[in-house]
Amino acid sequence: MKKLFSILTVLLWAATVFAGLAPGRDPEKQSGYYRPDKVASPAEFRIIMICSDNPKAVMEHFLLIAPDGKVTMIDVGESPAWQQLVRTFGKYNIKKIDQIILSHLHSDHIGALPAILPMTEFEFKDIYWELLPPEHMDNEGELEKKNDQIRISQIKERAAARGAVLHQVKEGMVFDLGSGATGTVLQSAPLELDKTGHNNKSLVIKFQYGDFTMLFTGDLATEARAKLMKSNKDIKADVLKTAHHGGAYGTDSRFVQRVAPKVAVSSMPQWLSEDPRGLDVDAIIQVEEIPHFRSWEFNETYEMVIATDGSDFYITPYGKENK
């Protein structure tokens, strides 16, 4: 079976090379949605994928800045990312983070939170997560389970010390993201999937600002993706944030066809884009003729900025600070 998978991956890789879509392609040549000539301004809603300055790191953190100045984070990256977060906050003159939404409890999505919570130069208001029953932590392995509990305890203690309120996320919850934008929880942790790990517990959030939509999928894995597909919820979106960093088990062709995005984005380091797990997902997206932007392609500024006025949108490496 492994040999068959390897052969199929090589064939997919060859097809993408032949089509001029292999890793290393210039995003500018992919689509009119890529606008490196533009600087996203505070008058637009800016969704910023913070691209890790560590080329080997696999982590995810999004900074959402509404035109009215409301600031939301969806995930915060691994613990070493705290210094990069602080630099990004400084660039955009951010002093208050209105809400932090954690897609699931893996360290590459929540690890930096214990480090930034004690920083008194920033104000933290609300933190949303889905804290799982103990039986849902049992299949993560003893060391990872122990580290999970340490991080969870640190977040509870440090949030309380700073006056930040921790909230339990529920399916159907709607977040006010500022300027009329919303984030709706289409799926929370399917508790019947208690043996399948944290990835399947990822929140699926649909962002909407005017007519523009984006689907955030965390590290959603096969079983939870199948459950979402069966729900017949409206998952169609202009931008798909691919699950599991654009790697294995996070995306399949049926899901991409249902979302029908104009653009796909992935928090993907270069090594994963050249790995069979990343090549497989990239080939699925390319077959659908959807431009695919990976975080490592934005290592000039370490930011991928999706800017929208609620109607049109574009992607640029450049954002402008708030005044």
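**Exercise 1.** Which residue of strand 3 does Leu 63 stand opposite? Determine the pairing around strand 2 in this predicted model.

*Solution.* Leu 63 stands opposite Met 73 in strand 3. Strand 3 covers residues 71-76 and pairs with strand 2 in the antiparallel sense, over five bridges. The two strands form a hairpin with five residues between them, and Gly 69 in the turn has a positive phi of about 95°. Strand 1 (residues 45-50) is likewise antiparallel to strand 2, joined to it by four bridges; here Arg 46 stands opposite Ile 65.

**Exercise 2.** Establish whether the residues of strand 2 are buried or exposed.

*Solution.* Begin with the directions of the side chains. In a regular strand they alternate between the two faces of the sheet. In strand 2, His 61, Leu 63 and Ile 65 point one way, while Phe 62 and Leu 64 point the other way. Buried means under 20% relative accessible area. Five of the five residues of strand 2 are buried, so the strand is largely enclosed by the rest of the structure. Leu 63 and Met 73 are also among the residues with the most contacts inside the largest nonpolar core, which has 35 residues.

**Exercise 3.** Locate the buried and exposed residues of helix 5.

*Solution.* The buried residues are Lys 145, Asp 148, Arg 151, Ile 152, Ile 155 and Ala 159. They lie on the same side of helix 5 because they cover an arc of only 125° around the axis. The face turned away from this buried side carries exposed residues, including Glu 142, Lys 146 and Glu 157. The buried residues pack against helix 3, helix 4, strand 5 and strand 6.

Notes: Residues numbered from 1 in each chain as written. Predicted model: local features only at pLDDT ≥ 70, side-chain atom pairs only at ≥ 80, totals over all residues. Heavy atoms only, no water. Core = buried A, V, L, I, M, F, W, Y, C linked by side-chain atoms within 4.5 Å. Buried < 20%, exposed > 50% of the residue type's maximum accessible area, 1.4 Å probe, protein only. Arc of directions from axis to C-beta. Contact = heavy atoms within 4.5 Å. Pairing = 2+ DSSP bridges.
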